[in-house]
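This report describes the fold of one protein chain and then turns to selected residues within it.

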Amino acid sequence: MEYVRAFVAGGLLCAIVQLIIDRGKWTPAGVAGSLVVFGVLLGFGGVYDPFVAWAGAGATMPLCGFGYWLAKGAMVEPRPEGFVETGAAVFRFAGALFAFIVAGSFAAALTCKPKG
């Protein structure tokens, strides 16, 4: 049942975002940036926690989940002092996800044929 909830939640999030891109006047980059900011705001507000507990990976893998992990890292770390410590606290949770994204993009660039 956990897989079904993750699939439904992630699918609904992606479907809503695709509708916003297709029907709205937003660019894909604008929607992507907005999703990260939306996830940060919901993460700081504590609204995203119950959704993550229910949906699991369906809530944490889209871009709003990346924003959630950024907010979670800043909230869990005990009061960092200074800019560098705050950045380290933020990427403590999101660092592994960020590394996976970079490595996956690099692998896709090596294996796929570019158009252009």
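In what order do the elements of the protein chain run from the N terminus on? They run α-α-α-α-α-α. The model is predicted, and its protein chain has six helices and zero strands.

**Overall dimensions and surface**

Along its principal axes, the C-alpha trace of the protein chain spans about 45 × 35 × 35 Å. The protein chain has 116 residues, of which 25% are buried. Among contacts with a separation of 6 or more, 56% are made by residues 24 or more positions apart. The exposed area of the protein chain is about 8,100 Å², and carbon and sulfur atoms supply 73% of that area. The protein chain carries 8 positive and 6 negative charges, and the mean positions of these two sets lie 15 Å apart.

**Helix α5 and its surroundings**

Helix α5 covers residues 63-76. Its 14 residues should span 20 Å at 1.5 Å a residue, and the end C-alpha atoms are 20 Å apart, so the expected and modelled spans agree. Which residues of α5 are buried? They are Cys64, Gly65, Phe66, Gly67, Tyr68, Leu70, Ala71 and Gly73. The buried residues of α5 pack against α1 (2-23), α2 (28-45), α3 (48-55), α4 (57-60) and α6 (83-111).

Methionine 75 also belongs to helix α5, but this residue is partly exposed, with a relative accessible area of 36%. Leaving aside neighbours within four places in sequence, methionine 75 is in contact with Gly43 and Phe44. The C-alpha atoms of methionine 75 and phenylalanine 44 are separated by 7.6 Å, although the two residues are 31 residues apart along the chain.

**Residues in α4 and α2**

Threonine 60 lies in helix α4. Is threonine 60 buried or exposed? Threonine 60 is buried, since its relative accessible area is 11% and the cut-off for a buried residue is under 20%. Beyond the neighbours within four places in sequence, threonine 60 is in contact with Val52, Gly65, Phe66, Trp69 and Leu97. Two of these partners, Gly65 and Phe66, are listed among the buried residues of α5.

Leucine 42 is found in helix α2. Apart from neighbours within four places in sequence, leucine 42 is in contact with Val47 and Tyr48. Leucine 42 and lysine 115 are 73 residues apart along the chain, and their C-alpha atoms are separated by 37 Å.

The two C-alpha separations given above are set out here.

| Residue pair | Apart along the chain | C-alpha separation |
|---|---|---|
| Methionine 75 and phenylalanine 44 | 31 residues | 7.6 Å |
| Leucine 42 and lysine 115 | 73 residues | 37 Å |

**Cysteines**

How many disulfides does the structure hold? The structure holds zero disulfides. A disulfide is a covalent bond between the sulfur atoms of two cysteines. For cysteine 14, the closest cysteine sulfur is in cysteine 64, and the distance of 8.2 Å is too far for a bond. A pair of cysteine sulfur atoms counts as a disulfide within 2.5 Å. For cysteine 112, the closest cysteine sulfur is in cysteine 14, at 19 Å, which is also too far for a bond. Cysteine 14 counts as partly exposed because its relative accessibility is 48%, whereas Cys64 is buried in α5.

Note on methods:
Residues numbered from 1 in each chain as written. Predicted model: local features only at pLDDT ≥ 70, side-chain atom pairs only at ≥ 80, totals over all residues. Heavy atoms only, no water. Helix = DSSP H or I, 4+ residues; strand = E, 2+ residues; numbered from the N terminus. Buried < 20%, exposed > 50% of the residue type's maximum accessible area, 1.4 Å probe, protein only. Contact = heavy atoms within 4.5 Å. Areas by Shrake-Rupley, 256 points an atom, 1.4 Å probe, with all protein chains shown as cover. Lys, Arg positive; Asp, Glu negative; His and termini not counted. Charge placed at Lys NZ, Arg CZ, Asp CG, Glu CD. Expected span 1.5 Å × (residues − 1).
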